[in-house]
Amino acid sequence: MKNLKATLFMLLLLGVTPSWAQKATVNDVFQFRNSKQTGTIIDKDKIVGYFVFYFKEKVDKKNSSYEIEIFDDNYTSLKTFEIVRPKNSYLAEVVFNGEVFMLHFYDRKTGYEFVTFDKNGEKLGNSLIDDKNLSKYELQRIQLNMDSDIDNVSLFAIDNKSFVRQTFAKNDKLGYELVAYDNEAKEIWKAGSDPESREVQTVEIVDVNSRFITATVYKRPNVLARKSDVYFLLLDAKTGKVISERELGTDKEGQKSILKSFLLSEDGNLVVIGEFYKPGDDLVKDKSLGLYMQEIDANGAILKTVEYKWKGTIDKFKQANISAEDAKENEKAFYIYFHDVIKDKNGKIYLIGEQFRKNVSAAGVALNVLNGGNGSGASNFGVQLGNMVVMEFDSKYKMTGYDLIPKKKTTAMLPEGAGVWSPVTMGHYLKMIDGFDYAFTSKDREKDNYNIVYIDANRKESKEAKKSDIMLGVISIKNGKREQERVPINVASSNWWINAAKPGYISIGEYYRKEKKIDFHVEQIKY
Amino acid sequence: MRSTLVLILFLVGFIQVFWSQKSQLLGFKPQLNPTSEPYLEYVKEHTTKESVYFYDSLNWFDKEKVKRLLEERLKSKQKLLESNNIITDGPIYTFLDGILQKLKSANPDIPQDAKIVLYRDDSFNASTFGDGLIFVNLGLLYKLKNEDQVALVLGHELGHNTARHTLENLQAQLLAEKDVALRKEIKLAILKPYGNITALNDLLRPRVYALKEKSRMDEFEADSLGFLYFSRAGYSAEKALSMFYAMEHSREERNKSSLDVLKLFKIDSLSDLGLKYKQYTRETSLGMGLDTPDDNPYLLSHPYEKDRLNKLLVLAGLNKFDSIVKEIDPSYRFISYQTDGEMLTSSLMNDDFSRAFFYALNMANDYENDMYSREHLAYILSSLALYKKTRQAGKYLRLQKLWYDESFDRIVYFLQCLSPINALDLGRTVWSDWCKEDEAEQAYNAARLGFYYLEDQLERCSISLETYKELNSHVIYKKFYEAVQSDFIISGKAKKVNYKK
């Protein structure tokens, strides 16, 4: 009977013709660990498709076979291809540069492997980095990401011909490295901290575009040092040559941080956004005086700097959206993490941020007390997430709007030792662990249409209303007009997740364990 | 004088025929209460006959196997027959049965107990289990143009039955089961700790190719037999053979001209919705071509349509074939109208609002005074307003696909573009433009009331369509409500609620 069933199953499997399914459904998903196995394919800021990666069968003792299915932005299945990987291979990241997919795998025994596939599923090349050649910090990072299902964010598409990877150098001292690969996964250039340097240096890529790579470099005498000197690094994306590296303010003149950067146009100047501090103030514990924007030319020369002070400029914008209670709260120090920058067709600039502040974490303290000071891994500090923030500037960098968009306050735990982190580092950490309520921004530059989507923990539309399964907040910017609304979403399966979708939509994935299938459907969020 | 009289008589006769046809065309009623009992008995009886066919040459052990195989097949047949998807009565059924009777009486040598089951499926297909029961899909009738084409299809299925193709396939399956070496290899492949899917594929692929090859040969044989039965019954090859053209283009919609929804619903082309709709595009965002896995000719279960047509042309003694029937035969128009109505009903039964909307729109466009399609357009739009409001519409609406015909793809896109308010307003347009004024106003007010009542009073995130209908039964206008109620019964999901005046 068992044999017969298998035979029939196989006959059916082989003879099956594609059905005109109503929704995108992926069948025979024998193993589906988490939503990270699905994702969006982004090309020039625009979501152009989706992928799903799932286990198919064991090939031999060492290898398993996986199936990757690629859909366009309407969930039309375009390509399915099989990839045979060592069974312990972990897919850390998938990036699409408009032409080629780069898949980043990690295997505890063999190390990193970067494989590129073209749109037809043809393997173009691969590049291996032996486990022994990976820095211990790199290994710590991948381990943390694997354990906590965090998205690895280290690969960036430069243009449709190359990728850049941010990593840690294999030095005695902690250092950084940026490595670029072509579409055949061959290394084309490498840049990084000086191996002879006596300082500890780390890098955070701020932005990658077809011409520049902007990054923040932190330099400290040792790992435990509280204070670090912050540098702004500008690289040529084609060659990896350093265009400029300059310190972001000194103690005497006041320090600066860098939060975001973007190109004014494809061949235009670069704009960086950050916070500035009072002379002598500490990035870690003090609140900044305000924000600044800086225009930089292709040689790294500063052309213009505009400052916006919290008191004097920003506080002039009255907050009509938030309650009196909220307004009081806002007087206390809140940092802003900037998730995205939008520049519309009229040259208007929008900064999309989220408020957060460090506070004592009751859960962290309790855990530490319970553990009798033996360390629970949790910090006595937590992070309270506040409202969404939208700042508007005209093309001459004049601030034209500052709005707080209320959402329910939530808290995120921090790991041990996080008490001494700077707000910038804390923000990056929160981003890395997916701690913010912000979900994604979908952009359609051609139609001048942008949607910022976040999750609101207040799942009721009104006090009397029942809770919906998910409550989304949507800030939409279309043709220079900004609107916001809260959108309830309902789902059928208990195992669901959200993916970004084209502007105005959200993609919902639902996994049915019994039927071994995944259903995808898109829902309109903005009409 | 005489000629004038003849002319007048002819005109009177023509007008009478025209009117009777026209009035016959309107007032579609879905066939929702299938009677499966006679068919269930029929398949049971035939299973016994089939077992006799096998038993003569078998030992006890193999008889048990055959018994089990036949039982499994019987169960799947019963499942099909007990579902709400069959139609066993009504004008389409009578029409099909009439053709079958004609074929049977012209061919006394074929089994005379063959029966028809009309099946709710929008694919272009008809099938048989080999026992004389012929399943005809609605999607087939939807695309055909005249009675002769239907007769050719039925003849083909009868051909399968007389040639005992299904029983032969069963026999092959039995032989495969008896094949000890194969069983051993399958077992080994399954027990393999690694690569069992690939191993099974490699093992079975040659067999699958052989099975497909046999299946293609069977189709040719059924074609020739069917053509013989069909010719004996006096049907015309010229009229029927363009059926293969319809089959080859079965992915294309019947009405190739795109429905201009902006014009139909009087939507201002400069309004938000109008502008959005004009942005329609078919390109895929990733710029890749589609996979066409069925391109492998060795895996096709049916031969290419052109090959089948050429073989039949030889039988028919025709040198070439160039008269593709494009127009629906006037005598087939009534069946076509009924099929449109059933296609719309079936789509709603499957919660496929995109298809239902498309069929309803086509039907309303083709038949000026048809109320069924109009009521359903209003119903679909107001339900959609609710689903859009609660962000569940994605489960009921299709997404754009490259392989859809453009006319349908545009409708899919249009429905995606609608906001809840748009959907509600369009419902109103349907009523006010296509129905009597006072009725329209009442119907619209009822739908609007329901919608806002829902928005204000209910936890709008957790309400289902059924609750919505129930809650609104007291305010929904009778006629509209009846349409909703019939859908209630169709979907079989909700309780019947008595309408109160």
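A residue counts as buried when its relative accessible area is under 20%, as exposed when that area is over 50%, and as partly exposed in between. The exercises below apply to a predicted model.

**Exercise 1. Describe chain B as a whole: its secondary structure, its burial and its contacts.**

Solution.
1. Begin with the secondary structure: chain B contains 22 helices and 4 strands.
2. Turn to burial: chain B has 501 residues, of which 50% count as buried.
3. Consider the surface: chain B exposes about 23800 Å², and 53% of this area is supplied by carbon and sulfur atoms.
4. Examine the contacts between residues at least 6 apart in the sequence of chain B: 74% of them join residues at least 24 apart.

**Exercise 2. Determine which residues have the most contacts inside the largest nonpolar core, and trace the surroundings of B:Phe265.**

Solution.
1. The largest nonpolar core comprises 104 residues. Those with the most contacts inside this core are B:Phe265, B:Phe357 and B:Phe414.
2. For B:Phe265, set aside the neighbours within four places in sequence; the residues in contact with it are then B:Phe357, B:Leu361, B:Leu381, B:Phe414, B:Leu426, B:Thr429 and B:Val430.
3. A second core, separate from this one, has 39 residues, including A:Phe276 and A:Leu291. A:Phe338 and A:Leu351 also belong to that second core.

**Exercise 3. Establish the strand order of the open sheet in chain A and identify its edge strands.**

Solution.
1. The open sheet has 4 strands in the order 18-19-20-21, with antiparallel pairing.
2. Each edge strand pairs on one side only; these are strand 18 (260-263) and strand 21 (302-309) of chain A.
3. On average, neighbouring strands of this sheet are turned by 20° against each other, direction ignored.
4. Within the sheet, strand 19 (residues 270-276) of chain A runs antiparallel to strand 20 (residues 290-296) of chain A, and 7 bridges join the two.
5. As for an individual position, A:Gly274 stands opposite A:Tyr292 in strand 20 of chain A.

**Exercise 4. Analyse the salt bridge between A:Glu245 and A:Lys219: where do the partners lie, and is each buried or partly exposed?**

Solution.
1. The closest N and O atoms of A:Glu245 and A:Lys219 are 3.1 Å apart, and a salt bridge requires a distance within 4 Å.
2. A:Glu245 lies in strand 17 (residues 242-247) of chain A and A:Lys219 in strand 15 (residues 212-220) of chain A; with their positions 26 residues apart, the pair links distant parts of the chain.
3. A:Glu245 has a relative accessible area of 35% and is therefore partly exposed. A:Lys219, at 10% relative accessibility, counts as buried.
4. The structure holds 34 salt bridges over all chains. A network of salt bridges links A:Lys348, A:Glu392, A:Asp403 and A:Arg482.

**Exercise 5. Account for the spacing of the salt-bridge partners in helix 3 and helix 18 of chain B.**

Solution.
1. B:Glu72 and B:Arg68 form a salt bridge with an N to O distance of 4.0 Å. Both residues lie in helix 3 (residues 60-82) of chain B; because they are 4 residues apart, about one helical turn separates them.
2. B:Glu72 is partly exposed at 31% relative accessible area, and B:Arg68 is partly exposed at 27%.
3. B:Glu406 and B:Arg410 form a salt bridge with an N to O distance of 3.0 Å. These residues are 4 apart in helix 18 (residues 406-417) of chain B, so they are separated by about one helical turn.
4. B:Glu406 is partly exposed, with a relative accessible area of 33%, and B:Arg410 counts as partly exposed at 23%.

Notes: Residues are numbered from 1 along each chain as its sequence is written. Chains are lettered from A and ligands numbered from 1 in the order in which they are written. This is a predicted model: local features need pLDDT of at least 70, side-chain atom pairs count only at pLDDT 80 or more; totals for chains, interfaces and linings use all residues. Side-chain values use heavy atoms; hydrogens and water are left out. Two strands pair if DSSP finds at least two bridges between them. Axes are lines fitted to C-alpha atoms, for helices over the stretch in contact, and angles run from 0 to 180 degrees between N-to-C directions. A salt bridge is a side-chain nitrogen of Lys or Arg within 4 Å of a carboxyl oxygen of Asp or Glu. Buried means under 20% relative accessible area, exposed over 50%, partly exposed in between (1.4 Å probe, protein chains only). Contact means heavy atoms within 4.5 Å. Accessible areas come from the Shrake-Rupley method with a 1.4 Å probe; for residues, only the protein chains shown count as cover. A nonpolar core is a set of buried Ala, Val, Leu, Ile, Met, Phe, Trp, Tyr and Cys residues joined through side-chain atoms within 4.5 Å.
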